[in-house]
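This report looks at how one helix is packed, and then turns to the protein around it.

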Amino acid sequence: MTFEGKYYNGRSSKGMPAQITLRPDGLRIDYCADEVTDTVHWETAGIHQSEFNDATTLLRYGKFPQQSISVVDKGFREALLQCYRGAAFLKSGYNSMLRLWASGIAVMALSLLGLLVAFIVWGVPALADRVALYFPQQYERQLGQQLYTQLLQGYQVDDAKTAALNGYLSELDTDLDYPIKAAVVKSDEVNAFAIPGGYMVVYEGIIDKMEHHEELAALVGHELAHIQNRHSLRALTRSLSYYMLASVLFGDISGVAAVLVDNASALRNLEYNRSLELEADREGLELLRRNELNLQGAVLLMERLDFGSESDMLAFVSTHPNTGDRIKVLNELIGDRKQPYKKNPGLERHWESLKGRNKTKGSDTLEQNQTR
Ligand SMILES: [Zn+2]
């Protein structure tokens, strides 16, 4: 079988018209250079590379100089495959194409893997955040109730102080979409945290630290802001988003709520990002303003929590941004404006019973000169 093609002798880049004949021991190439016809013979074993691109076949032979031929004819390739079945040079071409193909698949697989990792690292928590924002309030409230019940099982609740705190909360003028329920638990830990749907846990340890009810107002104002703005629900769903993803993947939708409830204890040490904390501080301050209480209560609370205590006891501070920064921001928000404030006998009465004191001792209203 003879085919028309081009012969390159490796010394010049000029292709010479050639007739290529397939023979059992190799290729016979009759080419024409400067109107002189010559012949070379390629042994099959010396052909070391083949490339097939559409109709064009390229073969290379020898080392120095490396000769080559190109044939534009689909039939040539089929003839080669038939005539030299199993020959090394045919395999190498086939393999290199296979390798090219495989590396393409590898690149694609790696890209997909990258996308998957990105989705898991950023997408899932972001999705959980969205879910938390659109969660119907009715279900949030139910979920909060379950979380609250579950959490309180790990504590001893002080009934008298709990009643006093709830009395204090009901006396406060707030602007919340949630009915609020709070518990005071017996623990030296200086901590307080919000639970989605309108629930709050305050530790005895933090109440013991405070001296004025305006500090308590600032504390609950901060926690109420976490509830009202769904910070706690968002942080909880974010931190548990992988468990929830697993529940959804395994088709156990009801498991999502179960996962949240099972991990209720996570609420105790949830960390919100800095901007959410400052938002809660700002709104806590607004609560003082709204109730015509001394705004310095918010600053005093911060200072009290920051100084003179073993830092490992201060869970509230450790999960929150730098206290110095928060005090600075609060002072900026308070500004130089004289904010009128007055005594609030209703709040003071509940505060006194929360501190386990009798009202007769006199009230603890924070006076301007007591602040630093
Ligand atoms: Zn907070």
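## The surroundings of helix α14

In this predicted model, the elements that cover the buried residues of α14 include α4 (159-171), α5 (204-209) and α6 (213-228). The helix itself spans residues 345-354, and its buried residues are L347, H350, W351 and L354. Viewed down the axis of α14, these buried residues fall within an arc of 105°, so they line one face of the helix. An α-helix has 3.6 residues a turn, so residues three or four places apart point the same way. Following α14 comes G356, whose phi is positive, near 70°.

## Nonpolar cores

The largest nonpolar core holds 62 residues, of which Y168, I195, M200, V201, V202 and A298 touch the most other members. Helix α6 gives the most to this core, contributing eight residues. V201, when residues up to four places away in sequence are not counted, touches L151, A183, V185, A192, F193 and I195.

A second core, separate from this one, has 18 residues, among them A18, L27, I47 and Y61.

## Overall make-up and an annotated span

The protein has 14 helices and ten strands, and 33% of its 372 residues count as buried. Among contacts between residues at least 6 apart in sequence, 62% join residues at least 24 apart.

An unreviewed UniProt entry places the feature "transmembrane region" at residues 100-124. In the model this span is 100% helix and 0% strand, and its end C-alpha atoms lie 35 Å apart.

Conventions:
Residues numbered from 1 in each chain as written. Predicted model: local features only at pLDDT ≥ 70, side-chain atom pairs only at ≥ 80, totals over all residues. UniProt positions renumbered as here; feature names shortened; annotations may be inferred. Helix = DSSP H or I, 4+ residues; strand = E, 2+ residues; numbered from the N terminus. Buried ≥ 20, exposed ≤ 12 C-beta atoms within 10 Å, placed from the backbone. Contact = placed C-beta atoms within 7 Å. Arc of directions from axis to C-beta. Core = buried A, V, L, I, M, F, W, Y, C linked by C-beta atoms within 7 Å.
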